[in-house]
Amino acid sequence: MSLIYRLKQSQPNFTHGIQDYLGEIIPFSRRIKNPLLKVPMVALKSLEWAIYRWHKTPIRRFYGIKSNELIYMITNACNDKCPKCGIWERPEPKEQHLRIQHFIKCLKRLHHNLYQVTLTGGEPLLFKRDVMLIAEEAKLLNVPMVTVTNGRMLDEAFLARYKELGHILVISIDSVSREKWNEFRGTKSFDIVMPKIMLAKEILGDQLRVQSVLSRESAEEIPKVIAWCKEHGIQHNTQLYQDFGAKNWANLVTHKQMVDDGTPCAARKNICIYPNGDVVKCFDHRRIPLAKQPLGNIGEQDIIEILCTKRSTEVSKIMKTCNFPCKAMSCNKPQVLLFK
């Protein structure tokens, strides 16, 4: 559902309502390929729009039933030094790291709206205890969880409990060659991580996934990773390279190819949390002038209040028509569409 609400007091409500409706229905109807389904699907979508348009609770501003993904960058710190990533070069000061109780409260407040909670970093398992606390809470709240890790800190006890909770573990792999692996990781971790990946496969089974980053540097390696995953029965996804400040790798796919698919950016429905608790709609928010500053901080404010501010609504409206390359990232797509 769109997050478009009145942006100017002088704007007529009736006109705004029409714009809101058409802005939601037209893109939706274009995605319906079967002409026989177009009319009934549009009718159902119109009913949904009407319900949420006039529903009076604060939740209406980011809409209701399992429609959002909560993404927590639990830390910038990492025990690898991948040249493709600049995040590990800027670890947050210890005193600025969000207390886990604040994130758990945020998760509880939002769980009715979430189809998934994703933990990323840096390396999330540097905070393994916090990851497990979130995993336990997500299970209680019936929210699927995904943890994206480099695999270095995996152990049997963690994997066994994670298996019981039914969550998904994604390990980042850009090569299965020792030499290239160590080059891509910036550390000699091949012989440390590969046995742990096999242990994870043994314990987690279908709950294990592998994701690779496609760039000019990794282009020859990714097909080998895909073949290795097929050999071991592990689902795989390829993520197009995005520059997050490292500037050491280069795009193989052009920006135009990344965005030229006609689909709206899904990140407007994301709820992203930084290690210090700052809330943004997208980790690439600095591309948008209005979104450069965080919407709020869950260590200081309730997440519902943050998401229901006028600026949050305006940012979501702008992001609906974003066509930046970051819209092709995995965090903007449901898991069911990613891994094969």
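What follows is a walk through one predicted model, from the overall chain down to a few local spots.

Starting with the whole chain, the secondary structure comes to 11 helices and 9 strands. Of the 340 residues, 51% count as buried. The accessible surface comes to about 16600 Å², and 57% of that belongs to carbon and sulfur atoms. As for how the chain meets itself, take the contacts between residues at least 6 apart in sequence: 71% of these join residues at least 24 apart.

Next come the charged pairs. Side chains of opposite charge can pair when their charged atoms come close. In this model the count comes to 11 salt bridges. One of them joins R185 and D80, with the closest N and O atoms 3.1 Å apart. The two partners sit in distant parts of the chain, 105 residues apart: R185 belongs to helix α6, while D80 is in the loop between β1 (68–73) and α3 (100–110). Both ends are tucked away by the accessibility numbers. R185 has 6% relative accessibility and counts as buried, and D80, at 0%, counts as buried too. With a cut-off of under 20% for buried, R185 at 6% makes the list, and so does D80 at 0%.

The K84–D174 pair is another salt bridge, with an N to O distance of 2.5 Å. Here again distant parts of the chain are linked, this time 90 residues apart. K84 is in the loop between β1 and α3, and D174 is in the loop between β4 (168–172) and α6. K84 counts as buried at 14% relative accessibility, and D174 is buried with a relative accessible area of 8%.

A third case pairs D302 with R109, whose side chains meet at 2.8 Å, N to O. D302 lies in the loop between β9 and α10 (303–307) and R109 lies in helix α3, so this salt bridge ties together parts that are 193 residues apart in sequence. The two ends fall into separate accessibility classes: D302 is buried, with a relative accessible area of 15%, whereas R109 counts as partly exposed at 40%. Salt bridges that share partners also join D80, R152 and R185 into one network.

R185 turns up once more in the helix packing. Two packed helices are described by the angle between their axes and the distance between the axes. For helix α6 (residues 178–185) and helix α7 (residues 190–204), the angle is about 105° and the axes are 10 Å apart. An angle from 65 to 115 degrees counts as roughly perpendicular, and α6 and α7 are therefore roughly perpendicular to each other. On the α6 side the contact is made by R178, W181, N182 and R185; on the α7 side, by F190, D191, V193, M194 and I197. Sorted by type, the residues of this contact divide into 5 nonpolar, 1 polar and 3 charged. R185 of α6 thus has a part in the contact with α7 as well as in the salt bridge with D80.

Further along the chain, helix α11 (residues 310–319) has a set of buried residues: S312, T313, E314, V315, S316 and M319. These buried residues of α11 pack against α10. The helix α10 covers 303–307, and D302 lies in the loop between β9 and α10.

A few loop residues deserve a look of their own. H285 is placed in the loop between β8 (278–280) and β9 (296–297). Despite that loop position, H285 is buried, with a relative accessible area of 4%. Leaving aside neighbours within four places in sequence, H285 is in contact with Y274, V280, A291 and K292.

N142 makes for a contrast in accessibility. The loop between α4 and β3 (145–149) holds N142, and with a relative accessible area of 59% this residue is exposed. The backbone at N142 is unusual in one respect: phi is positive, about 60°, although N142 is not a glycine.

Last is a backbone detail worth checking in the coordinates. The peptide bond from G121 to G122 is cis, with omega near 20°. G122 lies in the loop between β2 (114–120) and α4 (128–140), and α4 also borders the loop that holds N142.

Methods. Residues numbered from 1 in each chain as written. Predicted model: local features only at pLDDT ≥ 70, side-chain atom pairs only at ≥ 80, totals over all residues. Heavy atoms only, no water. Helix = DSSP H or I, 4+ residues; strand = E, 2+ residues; numbered from the N terminus. Buried < 20%, exposed > 50% of the residue type's maximum accessible area, 1.4 Å probe, protein only. Axes fitted to C-alpha atoms, helices over the stretch in contact; angles between N-to-C directions. Parallel < 35°, antiparallel > 145°, perpendicular 65-115°, else oblique. Contact = heavy atoms within 4.5 Å. Nonpolar A, V, L, I, M, F, W, Y, C, P; charged D, E, K, R; others polar. Areas by Shrake-Rupley, 256 points an atom, 1.4 Å probe, with all protein chains shown as cover. Salt bridge = Lys/Arg side-chain N within 4 Å of Asp/Glu carboxyl O.
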